[in-house]
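Work through the exercises below with the sequence and the structure at hand. Each task is followed by a worked solution.

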Amino acid sequence: MEKSFQIENLAVKTYAETKSMGEAAADYVAGKLRTAISKKGAANLILATGASQFSFLEALQTREIDWKKITVFHLDEYKGLSETHPASFRKYLKERILNSVAPKKVYFLNGDAEDLEGELKSYEEALKVHPIDIACIGIGENGHIAFNDPAVADFNDPKLIKLVELDEACRNQQLGEGWFPTFDDVPKEALTLTITAILNCEAISCVVPDERKAQAVYNTLYGDISTACPASILRTHKETVLFLDKASASMVK
């Protein structure tokens, strides 16, 4: 680790390499899961997707964790995308971790459900009966957490999950990461856990590599706590660690 410091409640840890950042985040998350299992006999976990999570998810699979005692949720999913689409977050999570670790139970967000209202309602109910021990999230180039882009972010959201419209910056990020062939192919709407749902989690691991995230990291740490940069709200959470690599920390003071 190159540097460790705190801004308000938010612990920040920077690493020279993306791999060592992912390894450190995996150690932190595995520790939280083991603690929850030892206390309650089970643990509840939220997993994020996207290119930012590659090194973390790869490392997490190698940790000693009793996955048969863990219930998994995921943060968000595009509206109308089938589970077999290359950009599907359900597909991503199955291929990158879930198929190999085989958790006790996984609650998938079905963005292509015929009854979206029913899907949102049942997912919210499942969240209510499974208080989350740790959420694994990232930060978007526009400062979003999950798909809570600045225009739709609400720090006091009455809902735990909702359907949102994605802004242009968010859709461009998805295109830039190679998930879609053209901008027009990127869905305009998605199902997302709200900021309320994220802040309700006992602990949060926020993994943010890459130079293209440097400005969002700067705004998260040093800007106003405002929906202009939704991730800034993480500075108010009781137990959040922000894991950065050298590139994403390039603007950190």
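In this predicted model, strands β3 and β7 (residues 134–137) run parallel and are joined by two bridges.

**Exercise 1.** Find which residue of β7 is the bridge partner of L45, then describe how β3 pairs with β4.

Solution. Step one: in β7, L45 has I134 as its bridge partner. Step two: β3 also runs parallel to strand β4 (residues 70–74), with five bridges between them. Step three: within that pairing, A43 stands opposite I70 in β4. Step four: β3, helix α2 (residues 54–60) and β4 make a β-α-β unit, which is right-handed.

**Exercise 2.** Decide whether strand β3 is largely enclosed or open to its surroundings.

Solution. Step one: take the side chains by direction. A43, L45 and L47 point one way from β3, while N44 and I46 point the other way. Step two: all of these residues are buried. Step three: because five of the five residues of β3 (residues 43–47) are buried, the strand is largely enclosed by the rest of the structure.

**Exercise 3.** Give the strand order of the open sheet that holds β8, and place K162 in its surroundings.

Solution. Step one: the order is β5-β9-β8, with antiparallel pairing. Step two: β5 (76–78) and β8 (161–165) are the edge strands, each pairing on one side only. Step three: β8 pairs with β9 (residues 189–193) over five bridges, and I161 stands opposite L193 in β9. Step four: K162 is found in β8. Its relative accessibility is 13%, under the 20% cut-off, so K162 counts as buried. Step five: the side chains of K162 and D157 are joined by a polar contact of 2.6 Å. Beyond its neighbours within four places in sequence, K162 is in contact with residues including L120, N148, A190 and T192.

Technical notes: Residues are numbered from 1 along each chain as its sequence is written. This is a predicted model: local features need pLDDT of at least 70, side-chain atom pairs count only at pLDDT 80 or more; totals for chains, interfaces and linings use all residues. Side-chain values use heavy atoms; hydrogens and water are left out. Two strands pair if DSSP finds at least two bridges between them. Helices (H or I, at least four residues) and strands (E, at least two) are DSSP runs, numbered from the N terminus. Buried means under 20% relative accessible area, exposed over 50%, partly exposed in between (1.4 Å probe, protein chains only). A polar contact is a pair of N or O atoms within 3.5 Å; within protein, one must be able to donate a hydrogen and the other to accept it, and residues adjacent in sequence count only if both atoms are side-chain atoms. Contact means heavy atoms within 4.5 Å. A crossover is right-handed if, with the strands pointing away from the viewer, the path from the first strand over the helix to the second runs clockwise.
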